[in-house]
Amino acid sequence: MAWYLVFWRNRSTATVVPAASAGQARSHAQHRHKKGYGGIVAARRANADDSRLIRRGAWVRRRRDGSSPQFGSARSKARARRQRSAYRHWL
């Protein structure tokens with residue numbers, strides 16, 4: 001079993017699911033689907049950094065281009081935090 005990140009159209013936070021394949025990850029994530037998430041955009045296997053976050057119990061955030069606001073400079077993290085705050089009401 002590996003960790004997979006399932007990305008939704010209207011969310012900046014991926015749903016983390018343990019699965020054997022990307023297809024299985026999609027079907028597992030579909031059970032956790034909530035109104036307002038939009039459709040599933042992609043399912044990717046978690047890399048080493050993401051797996052570390054998952055084990056710590058932290059949410060895994062990824063942008064559509066695959067970069068992450070959780071790794072990088074303090075300035076980029078602050079920018080991501082401000083952006084999330086602006087959309088907090090529907091996240």
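Strand β1 (residues 2-8) is mostly tucked away in this predicted model: six of its seven residues are buried, meaning under 20% relative accessible area, with exposed set at over 50% and partly exposed in between (1.4 Å probe, protein chains only). Strands here are DSSP runs of E with at least two residues, helices are runs of H or I with at least four, and both are numbered from the N terminus. As a rule, in a regular strand the side chains alternate between the two faces of the sheet.

β1 has partners in both β2 and β3, going by the rule that two strands pair if DSSP finds at least two bridges between them. With strand β2 (residues 15-19), β1 shares five bridges and runs antiparallel. The two make up a hairpin, with six residues between them. Looking at one rung, W3 has P18 in β2 as its bridge partner. Strand β3 (residues 40-45) is also joined to β1 by five bridges, again antiparallel; here Y4 is matched with R45 of β3.

Before turning to side chains, some ground rules. Residues are numbered from 1 along each chain as its sequence is written, and side-chain values use heavy atoms, with hydrogens and water left out. Because the model is predicted, local features need pLDDT of at least 70 and side-chain atom pairs count only at pLDDT 80 or more, while totals for chains, interfaces and linings use all residues.

The salt bridge count comes to one, taking a salt bridge as a side-chain nitrogen of Lys or Arg within 4 Å of a carboxyl oxygen of Asp or Glu. That contact joins the side chains of D49 and R52, at 3.0 Å from N to O. Both residues sit in helix α2 (residues 48-56), three residues apart, or about one turn of the helix. D49 counts as partly exposed because its relative accessibility is 31%, and R52 falls in that class with 44%.

Over on the surface, K77, R79, R81 and R82 gather in a patch of positive charge. Such a patch takes residues with over 30% relative accessible area and no salt bridge, joining like charges within 9 Å; the charge is placed at NZ for Lys and CZ for Arg. K77 belongs to helix α3 (residues 74-86), and its relative accessibility of 33% is why K77 counts as partly exposed.

Finally, H28 lies in helix α1 (residues 22-30) and, at 33% relative accessibility, counts as partly exposed. H28 and R9 are 19 residues apart in sequence and 17 Å apart in space, C-alpha to C-alpha.

Terms used:
Patch = residues over 30% accessible without salt bridge, like charges linked within 9 Å, V, L, I, M, F, W, Y side chains within 5 Å. Areas by Shrake-Rupley, 256 points an atom, 1.4 Å probe, with all protein chains shown as cover. Lys, Arg positive; Asp, Glu negative; His and termini not counted.
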